[in-house]
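Me: I am new to this structure and would like to go through parts of it by question and answer. Please show it to me before we begin.

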Amino acid sequence: MRNFFRQKRKLIAVLSVLLITSVGIFSFDENNKYFQIAKNLDIFAAFYHELDTYYVDDLPPEKTIQKGISAILDETDPFTDFISEDNLDDLKYMATGKYGGVGASISTNGDWTNITDIYPGTPMDKAGVKPGDIIITLDGRSMKNVPQDTVSKLLKGTPGTALDILFKNPIDGTTATKKIVRQEINVKPVSYAGFVKNDIGYIKMTQFTEASGEQVRKAFEQLKQTKPAMKGVILDLRGNPGGLLDEAVVVANIFVDKNKQIVSTRGKVKNWDRSYETQGAPADMHIPLAVLTSRSSASASEIVAGSVQDLDRGIIVGQRSYGKGLVQTTRQLPYNTKLKVTTAKYYTPSGRCIQAIDYSRRNDDGSVDYVPDSLRKTFKTVSGRTVKDGGGIEPDAKVDPMYLSQVAVTLLRKQYIFDYATQYYYKHKQIAPASTFKLTEPEFDEFEHFLDSKDYSYKTRSEEALETFKTTAQKEKYYDAVSKDLEELEQKLKHDKKQDLLKNKDEIKRLLEEEIASRYYMMEGRIAKGLVNDNDVNKAISILSDPAAYKQLLTVSTLN
């Protein structure tokens, strides 16, 4: 017990020395910000000392202090974060796209976790593991009822270390143990590059990690080499959360001339303010260009889209982007921890910051709001088109987002589309190329029969809204007066699962074809098949194939 209290006193003594030293550095002027910091740190240390010494139960220091750090971070934006030593690998992955692992995606459904995707050339691929295979044990430990996050952590590890995994075949139930040696997995930032209709090139970029710009350039140059008369190119940044700012400049430089400003940053530390310009010769500064964005295109994706738009180098197609105009820097902390902190806002070539939420102005309840349209300022592109700040990148050609039906969402969530694709794969040795593969009518009928023994019941949004209304009416004592009307409405809204399946047949068929294509051609097959019925892609193709329409979008002020 004495040793216990000696250790505590030692910890508090160290904290006190640090705080006294800090106070000595700063002025004791009550109005001085740094004095206030030192003063409150001193109060906090004394408070924690008293609490830890006299509170009736033991308080775990790491957990308690972590809650304090989290409370402080709640006053900042969601991109500022404390990175513990345990999470440094996640930070590394965000910057490099590399991690130690086996090269597979997983999903837990019910008691067990199965493999959903295999990446080419990885340990799982080399071992012959297939999507649908069920993980029974890892190094002899049963994976039954183990959470997906835990299974994922166990699969990751230092490259060169081995795992003995017992797999179960999802069709015949046979089991086999495979030794999987982890390696450094490098997730490619360019997940697909090829051609769509009318000799239009297409590049899908998923993240801005180290050297990702160079890989996009190589993909573009390969397309040009394959078809020198390529009429245009689509750069797909939908769902791309961003990454390294420098790589955004490199990507823009593929299509923008040398020495052009792509982005500038301004923050509290003025000598950190910078202007980022293109450094090399472009690969092609004249080919018609369409950049696809969605609500989840953020950060570096928006830098590329914003510079392309402001410089009138190409058109933006799709939906308004996320609106993240903030830049983060990592700072080293003691004990191999880090602080990822927002240090600046960035500005596109026209001078606008596209940050959609002002985290410095909070409501009384701590919530934050989007910048209202009335407060968004206007800027001009090189050719004089009007663009706005404060709300992401507005597309030049807007396309309504595609939403899945409730029945499709349920079939995906319960993995029935995945399970049917697994059965299909084991019944058919090969299929047509991914982009031309189609499910036949008898095969869709087979899928319907497959569902006969499955529970895919769900409530439509209308039914959920009615249920909420009924609950509110009962609380407010209006239910008796409207109960008869509600019952009639409830009957009218009742849905037939079979009819919903047929009503949304085209959509469900498309999802089945994409999943099946991925079994034979991996992720590239899934993307290739998905492009066929992609509204954003088809809109971009139609504009790039029509020089007059393309030119008009770049010369007429359409953004308002």
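Me: Which residue is the bridge partner of Leu292 in β16?
Reply: The model is a predicted one. In it, strand β15 covers residues 289-293 and strand β16 covers residues 315-318, and the two pair in the parallel sense over four bridges. Leu292 has its bridge partner in β16, and that partner is Val317.

Me: In what order do the six strands of the open sheet stand?
Reply: The pairing in this sheet is mixed. Its edge strands, each paired on one side only, are β10 (190-195) and β21 (397-398). From one edge to the other, the order is β10-β11-β12-β15-β16-β21.

Me: What angle does the direction of helix α9 make with that of β15?
Reply: Helix α9 is made of residues 300-310 and packs on the sheet. There α9 touches β12 (232-236), β15 and β16. Its direction and that of β15 make an angle of about 140°.

Me: Which strands does helix α16 touch?
Reply: Helix α16, residues 505-531, also packs on the sheet. Its direction makes about 50° with that of β10. The strands touched by α16 are β10 and β11 (200-205).

Me: Are α10 and α16 roughly parallel or roughly antiparallel to each other?
Reply: Two packed helices are described by the angle between their axes and the distance between the axes. The axes of α10 (residues 406-413) and α16 come within 9 Å and cross at roughly 25°. Angles under 35 degrees count as roughly parallel. The two helices are therefore roughly parallel.

Me: How many residues of the contact of α10 with α16 are charged?
Reply: On the α10 side the contact has Val407, Ala408, Leu411 and Leu412, which meet Glu507, Ile508 and Leu511 in α16. These residues divide into six nonpolar and no polar, and the number charged is one.

Me: Why is strand β4 largely enclosed by the rest of the structure?
Reply: Strand β4 runs over residues 112-118. Buried means under 20% relative accessible area. β4 is largely enclosed because the number of its seven residues that are buried is six.

Me: Which residue in the hairpin of β3 and β4 takes a positive phi?
Reply: Strand β3 (residues 104-109) pairs with β4 in the antiparallel sense over six bridges, and Asn109 stands opposite Trp112 in β4. The hairpin has two residues between the strands. The residue with a positive phi, near 75°, is Gly110.

Me: Which residue in β5 does Thr113 stand opposite?
Reply: β4 also pairs with strand β5 (residues 134-138), in the antiparallel sense and over two bridges. In β5, the residue opposite Thr113 is Ile135.

Terms used. Residues numbered from 1 in each chain as written. Predicted model: local features only at pLDDT ≥ 70, side-chain atom pairs only at ≥ 80, totals over all residues. Heavy atoms only, no water. Pairing = 2+ DSSP bridges. Contact = heavy atoms within 4.5 Å. Axes fitted to C-alpha atoms, helices over the stretch in contact; angles between N-to-C directions. Buried < 20%, exposed > 50% of the residue type's maximum accessible area, 1.4 Å probe, protein only. Parallel < 35°, antiparallel > 145°, perpendicular 65-115°, else oblique. Nonpolar A, V, L, I, M, F, W, Y, C, P; charged D, E, K, R; others polar.
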